[in-house]
Number of protein chains: 2
Amino acid sequence: MKIKELFAGQAEDGKSVEVCGWVRTLRVSKNFGFIELNDGSYFKNLQVVIEAEKLENFAEISKQNVGAALRVSGVLALTPEAKQPFEVKADRVEIEGVSAPEYPLQKKRHSFEYLRTIPHLRARTNTFSAVFRVRSLVAFAIHKFFNERGFVYVHTPLITGSDCEGAGEMFQVTTLDQDNLPRDEQGKVDYSKDFFGRRTSLTVSGQLEGEDFAMAFGDIYTFGPTFRAENSNTTRHAAEFWMIEPEIAFADLNDDMRLAEDMLKYIIRYVLENAPEEMQFFNSFVDKGLLERLDNVVNNEFGHVTYTEAIELLEKSGKNFEYPVSWGMDLQTEHERYLTEEVFKKPIFVTDYPKEIKAFYMRLNDDGKTVAAMDCLVPGIGEIIGGSQREERLDVLCERMKEMGLAEDDYSHYLDLRRYGGTKHAGYGLGFERAIMYLTGMSNIRDVLPYPRTVNSLY
Amino acid sequence: MKIKELFAGQAEDGKSVEVCGWVRTLRVSKNFGFIELNDGSYFKNLQVVIEAEKLENFAEISKQNVGAALRVSGVLALTPEAKQPFEVKADRVEIEGVSAPEYPLQKKRHSFEYLRTIPHLRARTNTFSAVFRVRSLVAFAIHKFFNERGFVYVHTPLITGSDCEGAGEMFQVTTLDQDNLPRDEQGKVDYSKDFFGRRTSLTVSGQLEGEDFAMAFGDIYTFGPTFRAENSNTTRHAAEFWMIEPEIAFADLNDDMRLAEDMLKYIIRYVLENAPEEMQFFNSFVDKGLLERLDNVVNNEFGHVTYTEAIELLEKSGKNFEYPVSWGMDLQTEHERYLTEEVFKKPIFVTDYPKEIKAFYMRLNDDGKTVAAMDCLVPGIGEIIGGSQREERLDVLCERMKEMGLAEDDYSHYLDLRRYGGTKHAGYGLGFERAIMYLTGMSNIRDVLPYPRTVNSLY
């Protein structure tokens, strides 16, 4: 029986139960003891009462260390006067696996920094069991949201032959022997000998392939790992992270923003309903005010502001920003946070950015200066979603690519979509880890990734 | 309005509708024409009737090519006497995007080989729209299955510092400049200069990290991309594929097989219920007998046979196998298919393989010769799932690693799990693409992957 089931209403006084789990704490006196047992199914522990007169192996059990795995049979007793709603009076306790005394997770609090060095164990702590359960629930909520709307889930490829996706630095993927690289006549590395017969990298985005599938299925989304080989040692960047990229056909930027807002509200509601203990824990111990903020998001419309208006707001703010503000600049995190935290006090969409600071595929607005882009900014994080309406006009797209020095040959698939029944369409990317940070209040991306990969760090 | 909604019972005679989609066929006479429109939401097309007297732009519409994107407003008419249940009489047809006459997907049938060269377009054909919709539905069914059972979904890392995961050849991941590799004093490539400060590869399995999380949450699963740099040019191997790896604590090999059987039956039922048109299509045009076979699987228990018994069955078969049969050998696809297709005529579990042909982490049986491994074999494919109970005994595991020449230092995390509250546990890996092949009858893994990556081939 899972401990979750007991807490979900299956706890009756006098009921016989068998539970398996790991010792979180153990307090023993001579003939009597209490074990807090956790089986990972539920955030809270089950209290197990052990008595010398009932258990042959009482002495052995008493000597167990934190972390030991036990199999407990006993009788449930409701305890309305105590902190916990019920406990199990053990008739039998088997030791499945002992725990060595040097077990790193003793009762004392550990720093997140230390826990990052033991990623194989940290999910056993309160904080990380809450983080990774929420992560799992949010992933499911995202699939459920898109499934309910009839979106097709597409696995876009991770290994790509394109090194011009334009979203950032890439990792190279190779099977060439690095100590004996084959060379061509000019002395350059001969990639025709590599696994795929060409140079390959890890993708930075599934968007271009996502567009292919949107032109077949109408509404699609991707949800998979993405890579950036950027030398950014910040609390918000990882080299390997997960991204959700929906793409919708016959749709414009407004449809895109509506979808993004609906999705964010859906996953917030889902996690509040399905992980109330974890969310309460984050609110109490990680980020006071989290629940109020999320309630506020669910019950209000997101704000909307154009980039041009945003620049005016920033110029009028009287703030001393590290990066001075002027039209044409890219918004930095300090600007984004000012807008969402101090001006709007809620999530906002900033739209219609200057074309110079956005990607080639974003649809040119009629002003000829801005593109139909949107970033969704949230308090505490800054940008969480970036999206756009895509340029569906072949001539405009080719012109834009020429301006940016991109070769049409490298994008022949992408241009084909505009040759064969192209439609208005739009999409966005949600950084999954940033969403988890936002939902939990955790402030370092390393603490929401099971095994974070960042520059010079891989545990 | 989505075409799926019309077919789902929202088609009423006389109802005004607006639909967007792409032209699959267009037959026009002088004043009158029929367009088969598909919007990707549903396998079937919507018939649109165009009349010169109703449409100002009738002449222009008539000249559209297959693949053009249209926005159609009109009135629904039920057509009980016709092949299709209803049609739309168009009042207005807007051209969202024309299609060039050289559009590769004209009405004639194309070979799967040809279609692989245009992965950005092939999802627009009947076969591939069916394959990729089923792929999406099965992915959702898998998440739903594990979510209903309280499993935690874990994103195990793709980039790994371990090159000894033991499941196959690996791709190297690097940001070193291949034309200017940094070298150490011995002239070896200096990986301390690489992105992570060490040599890194793409994972071949998330199992080891999955075990970490199972020891925290009890029941977990992974579902993510996996890589093998193997030079196998077969219809069943890809260099990049998706894998599902559940891991369950306090569980043995029987629990593991029960979970695998429940999961396979669940996803078969799900896809039969949620994609009846697609499954009917596969049954008619791809693999006659598919539906009967799947029904048979859902309604019967899987077979069970030990490896030793399987060898006896093969020896007694009187068959002339390419690879001769003897105890100790690894089963080849020909053997697997004989067992599942000819002897059992249904999916079977083969258990208790010789330890020499299985991985170091599989639990040693009391006979000292075999391990608690299981492979699930299905007709038409062979192995679809491979799993085992894991060796939880630290001393036995270390002994086994020594025999196989594995260094304990490379597996310190893994050994920690046996030091700190190790429990009986088990798990398996399901190759997602093989499952899709099995469910659809498609016979080449390249035709169930959106963008297949195989040796020397990357479109």
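Eight salt bridges link chain A and chain B in this predicted model. One of them joins B:Glu96 to A:Lys424, with the closest N and O atoms 3.6 Å apart. Polar contacts add to the picture: 40 residue pairs between chain A and chain B are in polar contact, both residues being at pLDDT 80 or more.

So who does the touching on chain A's side? Helix 4 of chain A, residues 126-148, brings the largest share, with twelve residues. Sorted by character, the residues of chain A that touch chain B come out as 55 nonpolar, 31 polar and 24 charged. Counting heads on both sides, the contact draws on 110 residues from chain A and 111 residues from chain B. Put together, the two chains bury about 8700 Å² between them, and 62% of that lies on carbon and sulfur atoms.

The chains also share some strand pairing. Strand 8 of chain A (residues 172-174) runs antiparallel to strand 8 of chain B (residues 172-174), with three bridges between them. Within this pairing, A:Val173 has B:Val173 as its bridge partner.

Chain B has a sheet of its own worth a look. This one is open, holds eight strands in the order 6-10-11-16-15-14-13-12, and mixes its pairing. Strand 6 (152-153) and strand 12 (303-306) of chain B each have a single partner strand, so they sit at the edges with one side lacking a neighbour in the sheet. Elsewhere in that order, strand 15 (residues 382-389) and strand 16 (residues 425-431) of chain B pair in the antiparallel sense over five bridges. Among the residues involved, B:Gly387 is matched with B:Tyr428 of strand 16. As a general reminder, strands of a sheet pair through backbone hydrogen bonds, either parallel or antiparallel.

Here are the two antiparallel pairings side by side:

| Strand pair | Bridges | A bridge pair |
|---|---|---|
| Strand 8 of chain A and strand 8 of chain B | three bridges | A:Val173 and B:Val173 |
| Strand 15 of chain B and strand 16 of chain B | five bridges | B:Gly387 and B:Tyr428 |

Back on chain A, which residues of helix 12 (residues 412-419) are buried? They are A:Tyr414, A:Leu415, A:Asp416, A:Leu417 and A:Arg418, so to speak a run that takes in charged side chains as well as nonpolar ones. The cover over these buried residues includes helix 5 (207-217), helix 11 (394-403) and strand 16 (425-431) of chain A. After helix 12 of chain A comes A:Gly421, which has a positive phi near 75 degrees.

Terms used. Residues numbered from 1 in each chain as written. Chains lettered and ligands numbered in written order. Predicted model: local features only at pLDDT ≥ 70, side-chain atom pairs only at ≥ 80, totals over all residues. Heavy atoms only, no water. Contact = heavy atoms within 4.5 Å. Buried area = accessible area lost by both parts, 1.4 Å probe. Salt bridge = Lys/Arg side-chain N within 4 Å of Asp/Glu carboxyl O. Polar contact = N/O pair within 3.5 Å; in protein donor to acceptor, adjacent residues only side chain to side chain. Helix = DSSP H or I, 4+ residues; strand = E, 2+ residues; numbered from the N terminus. Pairing = 2+ DSSP bridges. Buried < 20%, exposed > 50% of the residue type's maximum accessible area, 1.4 Å probe, protein only.
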